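Student: Could we take a close look at a single part of this protein? I'd like one connected walk through it.

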Amino acid sequence: MQDSLLDDLNPQQRLAVTAGDGQTLVLAGPGSGKTRVLTRRLAYLIERKGVPAYDIIAVTFTNKAAREMESRVVTLVNQNLEGIWLGTFHAMCARLLRRESAYLPFKSNFVIFDESDQLSLIKRSLRELNIDDKTHRPAGVHAAISAAKNDLQLPKDVPRGTYRDEVVARVYEKYQSYLSINNAVDFDDLLLYTARILEEHPEVREKYARRFGHVLVDEFQDTNLAQYVMLKHLSSYHHNIFVVGDEDQSIYRWRGADYRNVLRFEKDFPKCETILLEQNYRSTQTVLDAARQVIDRNRNRTPKHLFTERGTGNKIVQYVAVDDIAESAFVVDTISQYLKSGKASANDFAVMYRTNAQSRLIEEALMHSGLPYRLVGAQRFYGRREVKDMICFLRLVANPTDEVSLLRVINIPPRGIGDKTILTLQTTAMQAGLSVGEVLLDLGQKGDASAFWSAVGRPAALLADFGTLLAEWQSVKDKISLTSLFDRIVEDTGYESYINDQTEEGNDRWDNLVELRRLAFDFEEKGMDEFLQNLALVSDQDTIPQAESEEPDRPKGAVTLLTLHAAKGLEYNQVFIMGLDEGLLPHSRSRDDPEEMAEERRLFYVGMTRARNQLYLLRAERRRMFNAWDYGEPSRFLADINSDLVLNQGRHGVSRRETYESDFRWSTTSITPKRMVVETPKETKYKAGMRVRSANWGDGLVLESKIDSDSEETVDVHFESVGFKRVLASLANLEIL
DNA sequence: TCGCCAAGACTTTTT
DNA sequence: GTCTTGGCGA
């Protein structure tokens, strides 16, 4: 019997796809056909079980995953997916909240603030509350608020035990009130409000729970508490929930993701059927074995025995470079050799690293050798200044009371409206009980006849000019198309000449605006509101050509450079993982938290399992950090891989630094010839773990000690009294206890 | 008000 | 190294 939906699946995959009603947990190792199972499951429900698409909700984390799933399902079933809820968690929540805004502190046409908007609101809240932003960094406070939201806490739920908690709770409250004034929500709110609305209003919960006969979830290991609770409520009527994930690939803990939701799922649904997908279709057995040796050291997970029919394959190549430059040189040399032999093309290669900062050296090395490369994700499209500016202009036209947007663009391009003027404007508005935008519009429309003309003083004319522009855009916004409005704003503000200074960078910036205009064109029919509401939920990966896709303008392809985080879900024939040094991978910030250390291990595991044929693990004996050499230890993860699986290509003796120097922008002053000789680090007097006493700060614990370029010993100490300090050994006079 | 310079930070970043 | 931020002088 032929069955196109099931025939080409392995037994485990088939078991998952055809699982009966109830709760199903599919634990899918890397390369085991997770996406395939999910799409076939959808198709199976619709085609074989006669489930109307309308009854299904399928959630993913990225737009890319959602789009991919949709297009694959469409080719599998002979009907359209009319009425299905298929999309990212955030998009699905936004849809639900727009319908149920009656229960919420904002209107249904709310906008979603992105990260920069959020941060500017946090800063304003801190200022308003007179909280010092040095001791309470905006990003840190925001992270704390975000964590609270992911844990389903409202401001009143935040514990107020310490002064810090108190600060967070107060800023949280203020921040929410600002969001509300602007009719805006942040990313976390989408999840928080959805979970809470389902929790607190039985009639809403029942409405959606009844509707969704089937709930399907991708990347389940990356859900946070809010998402978990939401899923539980959505499936509380029909109890059909099908989740796919892999605890070992959970790498977003710092965003609230909790892989233990996998364990929680099994506990909450004791009758759930658990299916393990262990056959791997991507890598060689060598890669899988090595990866397993690394990941098996983690606890609280379901052990998996990944196997492949692809054979043993090549050994993993380990290479210890003399320094960071040599590390990059090795990558470039190796790739060049492959390409010369004709055995591979550039897009077979990926170079992965822990931190974006590491991309610089490899980029320079690739550029130097003329190899084409593609950098994933470093510069974000929507984060770019010019793109953000334009979006704020549009948001302002759509909603003049949006103060965040207004304050951003009121003086862009510079039109003589400074801090002082803005402050008077704000005070005037507050006294009149109006928003800043409304005052501005009044000034623009009535000129010196406006009631506010004298109140704002000398710069009144400047403000009125901008107000006039704004009023004009407002009056035409419903009469002309979105792109025409776009052009009009660019024209009226002289924005093009402001950003495009005819340098290469200026041209790039202008190109970004042209790209944004192209995106806006897709919303010509749906209109500006829809465009703005969706903007924040579109990630950069949707606008930047992705690694696996063919780019017509680059037939030969390019080497892909990306962080380990960005690598999840992708695969390459040859994978280089750079910087396998203690402090880098695992990252030093994870040093004293076992949970974070476990996540570093998973991150490495994700990277390793991206490789189809050949994996290269690299490290450098020393690298340049700030202005000194940093001598690292090999990553602890390397020791976990059995040496039988590894081919050690040893250590290069020559740094390429000299050869670069002539035609690259290495600063010659910072690299004296003396330091090009490989030098052994001098012994440090203080060692990590030592207890020391200082006359100033009392007792403390040495975290790290190193010799910098001037042979000075720098010691990092955690003092009981004052916390972390970095001191020079020669000056601090630390007594070893 | 603007633009320049110096100081300090700097993990990852699906939405 | 490179980015942002804050202070200061024109």
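Which residues of α6 are buried, and what goes on around that helix?

Tutor: Sure, let's go. This is a predicted model, where local features need pLDDT of at least 70 and side-chain atom pairs count only at pLDDT 80 or more, while totals for chains, interfaces and linings use all residues. Residues are numbered from 1 along each chain as its sequence is written, chains are lettered from A and ligands numbered from 1 in the order in which they are written, and side-chain values use heavy atoms, with hydrogens and water left out.

Chain A has 26 helices and 22 strands (DSSP runs numbered from the N terminus: H or I of at least four residues for helices, E of at least two for strands). Of its 737 residues, 53% are buried, meaning under 20% relative accessible area, with exposed over 50% and partly exposed in between (1.4 Å probe, protein chains only).

Now for your helix. α6 covers residues 138–150, and its 13 residues should span 18 Å at 1.5 Å a residue, which agrees with end C-alpha atoms 18 Å apart. The expected span is 1.5 Å times one less than the number of residues. As for your question, the buried residues are Pro-138, Val-141, His-142, Ile-145, Ser-146, Ala-148, Lys-149 and Asn-150. Here's a handy idea: an α-helix has 3.6 residues a turn, so residues three or four places apart point the same way.

What do those buried residues touch? They pack against α5 (115–128), α7 (163–181), α8 (187–200) and α10 (225–234), where contact means heavy atoms within 4.5 Å.

Let's zoom in on α5. It packs with α6 at an angle of about 105°, with the axes 9 Å apart. Axes are lines fitted to C-alpha atoms, for helices over the stretch in contact, and angles run from 0 to 180 degrees between N-to-C directions. The two helices are therefore roughly perpendicular to each other (65 to 115 degrees; under 35 is roughly parallel, over 145 roughly antiparallel, and the rest oblique). On the α5 side, Gln-118, Leu-119, Ile-122, Lys-123 and Leu-126 meet Pro-138, Ala-139, Val-141, His-142 and Ile-145 of α6. Sorted by type, that contact has seven nonpolar residues, two polar and one charged. Here Ala, Val, Leu, Ile, Met, Phe, Trp, Tyr, Cys and Pro count as nonpolar, Asp, Glu, Lys and Arg as charged, and the others, Gly among them, as polar.

Past the end of the helix, α6 is followed by Leu-152, which has a positive phi, near 70°.
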